[in-house]
Amino acid sequence: MITFILNNKTIKTSAHSGMTLLDFVRYEQRLTGTKIGCREGDCGACTVLVGTLENDTISYQSITSCISPLGNAHGKHIVTVEGTNLKDKLTTAQEAMKANYATQCGFCTPGFVVALTGFAISNSDKNYNKALDAISGNICRCTGYKSIENAAYQVVETLENQEKNSFKWLIENGFIPEYFEGIPKHLKAIEADDLDQPKGKYVAGGTDLYVQQADNLIDNSVHLIQEKSFLKGIEINNGICNIGANSTVTDLWNHTELNSYFPNLKKHLKLVSSEQIRNMASFGGNLVNASPIGDMTIFFLALNSDITIINPADKERQLPLKEFYQDYKTYDLKDGELIKTISFKLPTKDSYFNFEKVCKRTHLDIASVNSAIHISVENEKIQEAHVSIGGVAAIPKYLHKTSAFLNGKSLTSEIILEASDILQNEISPISDVRGSSDYKRLLGRQLFFAHFTELFPKQFTLNDFVQHA
């Protein structure tokens, strides 16, 4: 029995756990403010909030309900736009949208309102850029966005005097209805036991699988693993980072210590997806989706990561991530096995990391080509290099020959140009909707050069490479 709180109502349902949360909300509960748009997690019209109780404190994140399995709501507080409403007046987020003429046809408006409300009740910094991040996964075809940005700015201004993490203050200032204050006690009282899990396809966040296989997952048994504790968490010990396969991009984004090791981490992760998807998508799911252009796969390949795989008997085995992929959508994972952790050495004072991505839109898009590098340099000599690239082969590509060539070489433009030639011989792009093979080769070359101009700006400019390439 799936048990959760939907707005201010306790839900106990025997509905199929693989159906989407969106369909349950709209068709079973008749809460039609949550809209059906793309059904791919791209437009944000179906945005809802998910509240999770930990140590008597509830935290909220926005997600796209169109690609979230209903079973993942078990034990949580789900908030739709109807659940944000106040009696006989607009909420602060709704009023900001109205005052700034930030709605026209209105189809996308509920998603924006929910995302802005989630921003207001989150534990994140209450600044304008963070507000824009919160609505980064919401698309509007009518307004041109400036009026929506102004609405977000108005919300931020109202929050300037907020008492830290105070539901009472948010209620008094019209952000959320009164019932929110009692949700932690309400969640404790519903006694949501562990969800009975049938044998079926493993599903974590669902952000890849529900885009590709929604109809199949809705009709067949799924085994939801998002809440399995042994797959969660980020630990740092003796210079090694271990990331649970169920950890999300948001977990990485919010990890203070990792941000100190990767100064541009948030800049890189912002290229990956919208905030709603960053809140949902698991790293394990990203790896086993085996997309040749999976952003986080390319990220972890350049860190020369190892993965730990666990079977139903709790036996574990380890292998380098660069040996995991065998062919298109084919990888070294046996029936019943799961990726448990991803591990890598943290950067040192002599090492550098960079991630680059080119796609048709700057954000919220699938890469045409993406690439990452982790390189150690001492006394102008490359001690170790690991380079990865996506979109130019049948698998996420670790560049074995290019990386090996760079090891031990002097850090000069001549060496980088030679390495670029080796890179071109290692890749085999094909023409598709994201670009011709020639275009992808060009992108591969330019992104490789961009790593060095970004990491060593005093030493290299793009002209150092373009003139000779």
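**Notebook: rings, cores and strands**

I began with Phe-448, which counts as buried because its relative accessibility is 0%, and I noted at once that the model I am reading is a predicted one. I then looked up Phe-449, which is also buried, with a relative accessible area of 0%.

**Entry on aromatic pairs**

I searched the whole structure for aromatic pairs, and the search gave 25 of them. The pair I opened was Tyr-60 with Phe-167, where the ring centres are 6.2 Å apart and the planes stand at 75°, so I wrote it down as edge-to-face, given that planes over 60 degrees apart take that name. Which parts of the chain does this pair tie together? Tyr-60 belongs to strand β4 and Phe-167 to helix α6, so the pair joins parts that are 107 residues apart in sequence. I checked the surroundings of both rings: Tyr-60 is buried at a relative accessible area of 6%, and Phe-167 counts as buried at 17%, since the cut-off for buried is under 20%. I then returned to Phe-448 and Phe-449, whose ring centres lie 6.4 Å apart with the planes at 45°, so this pair is tilted.

I also noted one aromatic cluster, which is formed by Phe-262, Phe-283, Phe-299, Phe-300, Phe-344, Phe-353 and Phe-355. Next I looked for charges over rings: the charged end of Arg-278 sits over the ring of Trp-253, at 4.5 Å from its centre, and Lys-409 lies over the face of Phe-405, 4.3 Å from the ring centre.

**Entry on the nonpolar cores**

I looked up the largest nonpolar core, which has 40 residues, and I marked Tyr-60, Ile-121, Leu-159 and Leu-170 as those with the most contacts inside it. Several elements each supply at least two residues of this core, among them β4 (57-64), α3 (109-121), α5 (146-159) and α6 (167-172). Which element gives the most to this core? I found that α3 does, with eight residues. I followed Ile-121 further and, leaving aside neighbours within four places in sequence, found it in contact with Leu-49, Tyr-60, Phe-167, Leu-170, Ile-176 and Phe-180, so that both rings of the edge-to-face pair appear in my list. I noted as well a second, separate core of 39 residues, which includes Ile-236, Phe-262, Leu-301 and Phe-324.

**Entry on two helices**

I turned to helix α14 (residues 295-302), where eight of the eight residues are buried, including Phe-299, Phe-300 and Leu-301. Just after this helix comes Asn-304, which has a positive phi of about 55°, and I noted the sign with care because most residues other than glycine have a negative phi. Asn-304 is in the loop between α14 and β10 (306-310) and is partly exposed, with a relative accessible area of 25%. I put beside it Asp-314, which is not a glycine either and has a positive phi of about 65°; Asp-314 sits in the loop between β10 and β11 (316-320) and counts as exposed at 59% relative accessibility.

For helix α16 (residues 413-426) I tested the length: its 14 residues, at 1.5 Å a residue, should span 20 Å, and the end C-alpha atoms are indeed 20 Å apart, so the two agree. The buried residues of α16, among them Ile-415, Ile-416 and Leu-423, pack against β18 (397-398), α15 (400-406), α17 (437-455) and α18 (462-466).

**Entry on the strands**

I followed strand β3 (residues 47-54), which pairs with β4 in the antiparallel sense over eight bridges, and I saw that Thr-52 stands opposite Ser-59 in β4. How many residues lie between β3 and β4? There are two, and the strands form a hairpin, with Asn-55 in the turn taking a positive phi of about 55°. β3 also pairs with strand β5 (residues 77-79), again antiparallel, over three bridges, and here Val-50 has Ile-78 as its bridge partner.

Last, I looked up an open sheet of four strands in the order β15-β16-β17-β18, which pair in the antiparallel sense. β15 (351-358) and β18 stand at its edges with a single partner strand each, so one side of each has no neighbour in the sheet. I traced one of these edges and found two bridges joining strand β17 (residues 381-390) to β18, where Ile-389 stands opposite Lys-397.

Note on methods:
Residues numbered from 1 in each chain as written. Predicted model: local features only at pLDDT ≥ 70, side-chain atom pairs only at ≥ 80, totals over all residues. Heavy atoms only, no water. Expected span 1.5 Å × (residues − 1). Buried < 20%, exposed > 50% of the residue type's maximum accessible area, 1.4 Å probe, protein only. Contact = heavy atoms within 4.5 Å. Core = buried A, V, L, I, M, F, W, Y, C linked by side-chain atoms within 4.5 Å. Phe/Tyr/Trp six-rings, centres within 6.5 Å; stacked < 30°, edge-to-face > 60°. Lys NZ or Arg CZ within 6 Å of the ring centre and 35° of its normal. Pairing = 2+ DSSP bridges.
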